[in-house]
Amino acid sequence: MITDDLELALIDFGHACDLYQTQTRTVGTDCYAPPEVLNNDEYCPAFVDSFCLGVSMFLIFFGTKPWADERDKCYKYEALLNDDFDYFFFGCHRGHGKPWEMLNVIWDCIEIERPYARPHINDLMSFPVFQNVTLTDAIREDICRFLPN
């Protein structure tokens with residue numbers, strides 16, 4: 001959600017439940033869901049939200065989802081399982097001038113081997129990449145292009 005002042009606000013990723021009560025139901029959109037949700041395993045919604053946020057940040061930064069289809073998702077998940085940062089971001093960050101700090105935040109959020117190691121939303125807000133963010137006129141114009149008139 002974007003406020004009238006162009007401040008970004010994150011809202012419900014589809015859970016609408018106690019963030020710390022273990023869940024087993026499958027909710028949300030598959031491309032944003034971590035393996036524990038897709039596999040119907042027990043999960044903590046707070047850490048699922050971190051994964052969803054990581055996918056959302058990838059989409060915002062690169063203009064595409066981290067996985068285009070199921071096959072690509074398998075390759076990306078394999079890169080995550082093998083802790084292969086470079087392969088995961090291959091073709092995305094080279095030459096695009098993306099800050100490495102943000103790539104590291106995305107990487108931390110989409111951790112799949114240890115879901116409880118994902119940063120909590122409160123932790124994310126203290127990361128340096130989110131401190132003193134200035135919304136330039138160029139960024140403001142880019143955001144406004146996507147908003148309905």
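**Q&A on a predicted model**

Reader: Is His120 buried or exposed, and what is its relative accessible area?
Author: In this predicted model, His120 sits in the loop between helix 5 and helix 6 (121-124). Buried means under 20% relative accessible area. His120 counts as buried because its relative accessible area is 13%.

Reader: Which residues does His120 touch, not counting those up to four places away in sequence?
Author: Leave out anything up to four places away in sequence, and there's a short list for His120. Its contacts are then Tyr20, Ala46 and Ser50.

Reader: At what angle do helix 2 and helix 5 pack?
Author: Helix 2 covers residues 45-62 and helix 5 covers residues 100-109, with their axes 7 Å apart. Helix 2 goes past helix 5 in a left-handed crossing. On the helix 2 side the contact includes Ser50 and Phe51, and on the helix 5 side it includes Met102 and Cys109. The packing angle is about 145°.

Reader: How do the residues of that contact between helix 2 and helix 5 divide into nonpolar, polar and charged?
Author: Helix 2 brings Phe58, Phe61 and Phe62, among others, while helix 5 brings residues including Leu103, Val105 and Ile106. The split comes out as ten nonpolar, two polar and no charged.

Reader: Why is there no bond between the sulfurs of Cys52 and Cys31?
Author: A disulfide needs the two sulfur atoms within 2.5 Å. Cys31 is buried at 15% relative accessibility, and Cys52 is buried too, at 5%. The sulfurs are too far apart for a bond, because the distance from Cys52 to Cys31, its closest, is 9.2 Å.

Reader: Which element has the lowest mean pLDDT?
Author: For the protein, mean pLDDT is 77, with 70% of residues at 70 or more. Helix 5 has the highest mean among the elements, 88. The lowest, 66, belongs to helix 7.

Key. Residues numbered from 1 in each chain as written. Predicted model: local features only at pLDDT ≥ 70, side-chain atom pairs only at ≥ 80, totals over all residues. Heavy atoms only, no water. Axes fitted to C-alpha atoms, helices over the stretch in contact; angles between N-to-C directions. Helix = DSSP H or I, 4+ residues; strand = E, 2+ residues; numbered from the N terminus. Left-handed = near helix turned anticlockwise from the far one by under 90°. Contact = heavy atoms within 4.5 Å. Nonpolar A, V, L, I, M, F, W, Y, C, P; charged D, E, K, R; others polar. pLDDT = per-residue confidence, 0-100. Buried < 20%, exposed > 50% of the residue type's maximum accessible area, 1.4 Å probe, protein only.
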